[in-house]
Amino acid sequence: MNDAYTTAFFDAVRETQNSSGYDLPEHIEAYVVMLLSSYVDKDDFPPESTVTVQYLSLKDSYQAKDLGDTCLFISGAFPNFKKRHGVTRRFYQDIGSSSYDMASAMNDTLFPTLAKHFVFLSDFIDLTINSPKHELSSLFR
């Protein structure tokens, strides 16, 4: 993960919080920044297998966390991903929330919070990434 990406996303997340009035807890803010930074140069995105296949094949908390991350990234950064194929943003939000709930064994504070507030965080990421105020959208296009 590139430090420049982390800095850029940290600044963008902070700016979004300031302009929107939303105040993310520090651990959630850090998680969102790291998630976004990690996807900029990700080689295996979009995933080869469908989210449904991945969800039905989950074997442990680590896979659940990874799927939750993928769904949060997709639903936040690309809210219309696969829409023309009939797959809604809400589908990714539901699968992601459920996946983070399954990952709760890894961290019983962080992942239940991500699961509970998944839709809000998805909207927050959308606001951060796709805002005309930020130049971040070009990182993912």
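Start by selecting Asn2, in the segment before helix 1 (3-20). Helices here are DSSP runs of H or I with at least four residues, strands are runs of E with at least two, and both are numbered from the N terminus. Asn2 counts as partly exposed, because its relative accessibility is 33%. The cut-offs are these: buried means under 20% relative accessible area, exposed means over 50%, and partly exposed lies in between (1.4 Å probe, protein chains only).

Some notes on the model before moving on. The structure is a predicted model, where local features need pLDDT of at least 70 and side-chain atom pairs count only at pLDDT 80 or more, while totals for chains, interfaces and linings use all residues. Residues are numbered from 1 along each chain as its sequence is written, and side-chain values use heavy atoms, with hydrogens and water left out.

**Across from Asn2**

Add Asp41 to the selection. Its C-alpha atom is 8.7 Å from that of Asn2, though the two residues are 39 apart along the chain. Now add Asp43, Asp44 and Glu48. Together with Asp41, they gather in a patch of negative charge on the surface. Patches take residues with over 30% relative accessible area and no salt bridge; like charges are joined within 9 Å, and nonpolar side chains (Val, Leu, Ile, Met, Phe, Trp, Tyr) within 5 Å. Asp and Glu count as negative, Lys and Arg as positive; His and the chain ends are not counted. Each charge is placed at NZ of Lys, CZ of Arg, CG of Asp or CD of Glu. The areas come from the Shrake-Rupley method with a 1.4 Å probe, and for residues only the protein chains shown count as cover. Asp44 itself sits in the loop between helix 2 (26-39) and helix 3 (51-56).

**The whole fold**

Zoom out and colour by secondary structure. The protein has 7 helices and 0 strands. Along the sequence, the pattern reads α-α-α-α-α-α-α. The radius of gyration is 14 Å, close to the 14 Å that the globule rule gives for 141 residues, so the protein is as compact as a globular protein of that length. That radius is taken over C-alpha atoms, and the rule is 2.2 Å times the number of residues to the power 0.38. Along the principal axes, the C-alpha atoms fill a box of roughly 40 × 35 × 25 Å. Of the 141 residues, 42% count as buried.

**Salt bridges**

How many salt bridges does the structure hold? There are 6 salt bridges, each a side-chain nitrogen of Lys or Arg within 4 Å of a carboxyl oxygen of Asp or Glu.

Select Glu29 and Arg14. They form a salt bridge, with the closest N and O atoms 2.6 Å apart. This pair links distant parts of the chain: Glu29 is in helix 2, Arg14 is in helix 1, and they are 15 residues apart. Is Glu29 buried or exposed? Glu29 is buried, because its relative accessible area is 5%. Arg14 has 37%, so Arg14 is partly exposed.

Next, pick Lys65 and Asp66. Their side chains meet in a salt bridge (4.0 Å, N to O). Asp66 is partly exposed, with a relative accessible area of 44%. Add Asp69 to see a network of salt bridges linking Lys65, Asp66 and Asp69.

Then select Asp126 and Arg89. Their salt bridge has its closest N and O atoms 3.9 Å apart. This pair also links distant parts of the chain: Asp126 is in helix 7 (residues 118-130), Arg89 is in helix 5 (residues 89-102), and their positions lie 37 residues apart in the numbering.

**Along helix 4**

Go to Gln63 in helix 4. Gln63 is partly exposed, with a relative accessible area of 33%. Show Tyr100 too: Gln63 and Tyr100 are 37 residues apart in sequence and 9.8 Å apart in space, C-alpha to C-alpha.

Stay in helix 4 and select Cys71. Cys71 has a relative accessible area of 0%, so Cys71 is buried. Phe91 is 20 residues from Cys71 in sequence and 9.0 Å away in space, C-alpha to C-alpha.

**Last stop**

Finish at Lys82, in the loop between helix 4 (61-77) and helix 5. Most residues other than glycine have a negative phi. Lys82 has a positive phi of about 65° although it is not a glycine. Lys82 counts as partly exposed, at 38% relative accessibility.
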